[in-house]
Amino acid sequence: MSGPTTGDAVGAPCWLNLSAHDLEAAQRFYGAVLGWTFRRGAFGESYVVGERDGVPVAGIAAVAAQPAGPVAWTVFFAVDDADAAVARIRERGGTVGVGPLSYPPRGRAALATDLEGAVFGVWEGRLVSRWHVGERQAPAWVELHTRDAFDAAVFYGGVLGWADESQGGTEVSYEHEGVVLRRNGEAVARLDSGPVESESPRPQLRPRWLVRFRVRDLAAAREAVVAQGGTVVPGGEWAGVRPSGGDDERRLVVRDPDGALFAVEEEAG
């Protein structure tokens, strides 16, 4: 298997994927809002890869290509053995919804939910070169909104091998009310405790992995969201129930025309 593989980044976020009802409409929306261009991916005509400045950021799949998958953004984590990861998910009380399924020639994937119902994926196989997620100028950042970040870290740590020295450079740091995941010293994800409600009518309050995409001009992104049929969601990332979840002049929470929730964040100057 040529190129980087999940064996080189076990435990870290390794890809973002959206399931969409209308692939062409999704490309128009995300192209306008995030400035992406698109190319066909490795999984046929029903899958495209969104790129920013020539760097792959995320994949978008037609719903028909994602059996039982929700219309939502999903964070995938790198594992060296998808079957073993699925077994660990079940052993620790999580639920496996799909897979592992094979996607020749690139690898194997499974979709699951954690103890609070947040959806995530695991991926074994080839990685998209130069893809990365993080705090600085990376095109995206991922954050788990959950009831107890420390309990969640125990679950994900057991499933994904966090803090396992034999797996390489994935490190867990307990900071304030949350947990920060680092890869080779670079922050790549955060787990944050908050007032989540599994059955809440407000999506921001359900346990979830929230994806934040970075843009150069937040005002232009807001205009594009509305013009392309999306919605700017009031109340911020925690539906306004936490002081840190209120309106932020550098962030927006957005639902695309299919209802998929994500956040947009202006790059630091």
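**Sheet, helix pairs and cores**

Helices H2 and H3 cross in a right-handed way. In this predicted model, their axes come within 8 Å and cross at roughly 150 degrees. Angles over 145 degrees count as roughly antiparallel, and H2 and H3 are therefore roughly antiparallel to each other. As for the residues that meet here, H2 brings Ala 85, Arg 88 and Ile 89, while H3 brings Phe 155, Gly 158 and Val 159.

A second pair of helices is made up of H1 (residues 23–34) and H4 (residues 218–227), which pack at an angle of about 160 degrees with their axes 8 Å apart. That angle makes H1 roughly antiparallel to H4. Their crossing, too, is right-handed. On the H1 side, Phe 29, Ala 32 and Val 33 do the meeting; on the H4 side, it is Ala 221, Ala 224 and Val 225.

Next comes the sheet. It is an open one, built from 8 strands with mixed pairing, and reading across it gives the order E2-E3-E4-E1-E5-E8-E7-E6. At the edges sit strand E2 (37–40) and strand E6 (95–103), each of which pairs on one side only. From one strand to the next, the twist averages 30 degrees. Helix H2 (residues 82–91) turns up again here: this helix packs on the sheet and touches E6, E7 and strand E8 (119–125). The direction of H2 makes about 175 degrees with that of E6.

Edge strand E6 is joined to strand E7 (residues 107–113) by 6 bridges, and the two strands run antiparallel. One residue pair can be picked out by eye: Ser 102 has Arg 108, in E7, as its bridge partner.

What about the nonpolar cores? The largest has 57 residues, and those with the most contacts inside it are Tyr 30, Trp 73, Tyr 156, Leu 191, Trp 209 and Phe 213. Helix H3 (residues 149–160) gives the most to this core, chipping in 7 residues. Tyr 30 is a handy place to start looking around. Leaving out residues up to four places away in sequence, Tyr 30 touches Leu 18, Gly 35, Trp 36, Phe 38, Ile 60, Trp 73, Asp 256, Ala 260 and Phe 262. There is also a second, separate core of 13 residues, with Phe 76, Ala 109, Leu 111 and Leu 127 among them.

How values were computed
Residues numbered from 1 in each chain as written. Predicted model: local features only at pLDDT ≥ 70, side-chain atom pairs only at ≥ 80, totals over all residues. Heavy atoms only, no water. Pairing = 2+ DSSP bridges. Helix = DSSP H or I, 4+ residues; strand = E, 2+ residues; numbered from the N terminus. Axes fitted to C-alpha atoms, helices over the stretch in contact; angles between N-to-C directions. Contact = heavy atoms within 4.5 Å. Core = buried A, V, L, I, M, F, W, Y, C linked by side-chain atoms within 4.5 Å. Buried < 20%, exposed > 50% of the residue type's maximum accessible area, 1.4 Å probe, protein only. Parallel < 35°, antiparallel > 145°, perpendicular 65-115°, else oblique. Left-handed = near helix turned anticlockwise from the far one by under 90°.
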